[in-house]
Amino acid sequence: MKIIGKNMLLENRYKIIIATIYNLVLTMGLFLLFFEFLGPTLQPGFLPKGMERIGNILTIMTGLLAFQGGALLTHANYRRDNRMDFLKTMEGSADRFYLRELSGVLLALLFEIVISAILLIIVAKPQEISWNFLLLIIYFLLTGLFFLNIGNLVGYFSKRSALNISTLPLVIIVLFLISGAVIPLVHFDNIYALILYYLPAGMMLSGTDSILAGDFNALLIPLIYFVFLDLITVFVTRFVLNLDD
């Protein structure tokens with residue numbers, strides 16, 4: 001038992017190291033995209049300000065990591081091919097699996113948000129930091145729950161390999177980039193901006209902007225929006241995981 005526990009600890013340690021390196025590399029990639037590559041090519045006023053860009057990067061990382069964590073873990077541990085082996089190992093139920101995954105992914109998400117924020121503050125050197133970081137973390141965990149549940153559902157129903165699933169977050173990144181993370185939607189006065197604003201990515205970015213601006217009245221709509229989505233996706237995810245019980 002000691003040997004097994006030690007091996008699991010080492011395996012998890014390596015996974016944490018790999019995930020952290022992956023997170024830092026991707027964070028720096030988004031930083032270069034926002035601050036170095038796009039900045040000189042866009043007209044003044046079309047790119048979010050420094051702190052807003054940091055908030056947008058953290059928002060993208062939250063949605064991306066939550067989705068990827070849910071998809072990969074559920075695909076590896078709970079898809080129909082592996083379900084009986086998992087239950088024998090866990091000696092538990094679908095709800096127990098869901099709660100363990102939920103707590104584990106959200107804890108990892110919290111760690112990654114803090115790491116990303118520290119890195120961005122160091123490299124971006126913002127002149128003023130006045131945003132409520134604690135409120136931002138709570139908001140990211142709330143919104144991350146939605147992307148985690150979507151990842152759970154994708155991982156459960158997917159019959160593809162984990163490697164193929166790991167490429168799906170590119171869709172999440174692109175969705176955020178066209179939903180106001182690069183060019184604010186206020187510059188698009190048409191149906192395109194309206195549709196993107198009310199998609200989860202656009203609404204999540206809107207909530208982040210409200211926190212950074214200290215406009216808590218504007219934050220109310222994104223909060224209600226994601227509480228509603230969280231309740232729906234939690235119910236659907238638990239129902240799907242319990243289909244074979």
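## Helix α9 and its surroundings

Just after α9, Gly214 adopts a positive phi of about 70°. This is a predicted model, and the angle belongs to that model. Helix α9 itself has 14 residues. From first C-alpha to last, α9 reaches 20 Å. That is close to the 20 Å expected at 1.5 Å a residue.

Twelve of the 14 residues of α9 are buried, so the helix is largely enclosed by the rest of the structure. The buried set starts with Pro200, Ala201, Gly202, Met203, Met204 and Leu205. It also includes Ser206, Gly207, Thr208, Ser210, Ile211 and Leu212. Asp209 lies in α9 as well. Asp209 counts as partly exposed, because its relative accessibility is 32% and the partly exposed class runs between 20% and 50%. In sequence, Asp209 and Arg53 are 156 residues apart. In space, their C-alpha atoms are 9.6 Å apart.

## How α7 meets α9

The axes of α7 and α9 come within 8 Å. They cross at roughly 55°. That angle makes α7 oblique to α9. The crossing of α7 past α9 is right-handed.

On the α7 side, the contact uses Leu175, Phe176, Ser179, Gly180 and Ala181. On the α9 side, Ala201, Gly202, Met204 and Leu205 take part. These four α9 residues are also among those listed as buried.

## Overall fold

The protein has ten helices and zero strands. Along the sequence, the pattern reads α-α-α-α-α-α-α-α-α-α. Buried residues make up 42% of the 245 residues.

Long-range contacts carry much of the count. Among contacts with a separation of 6 or more, 81% join residues 24 or more positions apart. Gln68 and Leu168 illustrate spatial proximity across the sequence: they are 100 residues apart along the chain, yet their C-alpha atoms are separated by 8.0 Å. Gln68 sits in helix α2. Gln68 is buried, with a relative accessible area of 11%.

## The nonpolar core

In soluble globular proteins, nonpolar side chains tend to be buried together. Here, the largest nonpolar core holds 49 residues. Which residues touch the most other members of this core? They are Ile57, Phe147 and Phe176. The elements giving two or more residues to the core are α1 (2-37), α2 (50-77), α4 (94-124), α5 (133-157), α7 (169-181), α9 (200-213) and α10 (216-241).

Phe176 therefore has two roles: it is one of the three residues touching the most other core members, and it is one of the α7 residues that meet α9. Ile57 touches Thr27, Leu30, Phe31, Phe34, Phe35 and Leu120. That list leaves out residues up to four places away in sequence.

## Helix α4

Helix α4 has 31 residues. At 1.5 Å a residue, α4 should span 45 Å. Its end C-alpha atoms are 43 Å apart, which agrees. Just after α4, Lys125 takes a positive phi of about 50°.

Ser116 is found in α4. Is Ser116 buried or exposed? Ser116 is buried, with a relative accessible area of 1%. Beyond residues up to four places away in sequence, Ser116 touches Asn23, Thr27 and Leu58. Thr27 is also touched by Ile57.

## Packing against α10

Two helix pairs involve α10. In one pair, α4 and α10 pack at an angle of about 135°. Their axes are 9 Å apart. The two helices are therefore oblique to each other. α4 passes α10 in a right-handed crossing. From α4, the contact is made by Ala94, Asp95, Phe97 and Tyr98. From α10, it is made by Val234, Thr237, Arg238 and Leu241.

In the other pair, α5 and α10 pack at about 30°, with axes 9 Å apart. That makes α5 roughly parallel to α10, because angles under 35 degrees fall in that class. The crossing of α5 and α10 is left-handed. Both α5 and α10 also give two or more residues to the largest nonpolar core.

Technical notes
Residues are numbered from 1 along each chain as its sequence is written. This is a predicted model: local features need pLDDT of at least 70, side-chain atom pairs count only at pLDDT 80 or more; totals for chains, interfaces and linings use all residues. Side-chain values use heavy atoms; hydrogens and water are left out. A nonpolar core is a set of buried Ala, Val, Leu, Ile, Met, Phe, Trp, Tyr and Cys residues joined through side-chain atoms within 4.5 Å. Buried means under 20% relative accessible area, exposed over 50%, partly exposed in between (1.4 Å probe, protein chains only). Contact means heavy atoms within 4.5 Å. The expected span of a helix is 1.5 Å times one less than its number of residues. Axes are lines fitted to C-alpha atoms, for helices over the stretch in contact, and angles run from 0 to 180 degrees between N-to-C directions. Angles under 35 degrees count as roughly parallel, over 145 as roughly antiparallel, 65 to 115 as roughly perpendicular and the rest as oblique. A crossing is left-handed if the near helix is turned anticlockwise from the far one by less than a right angle, and right-handed if clockwise.
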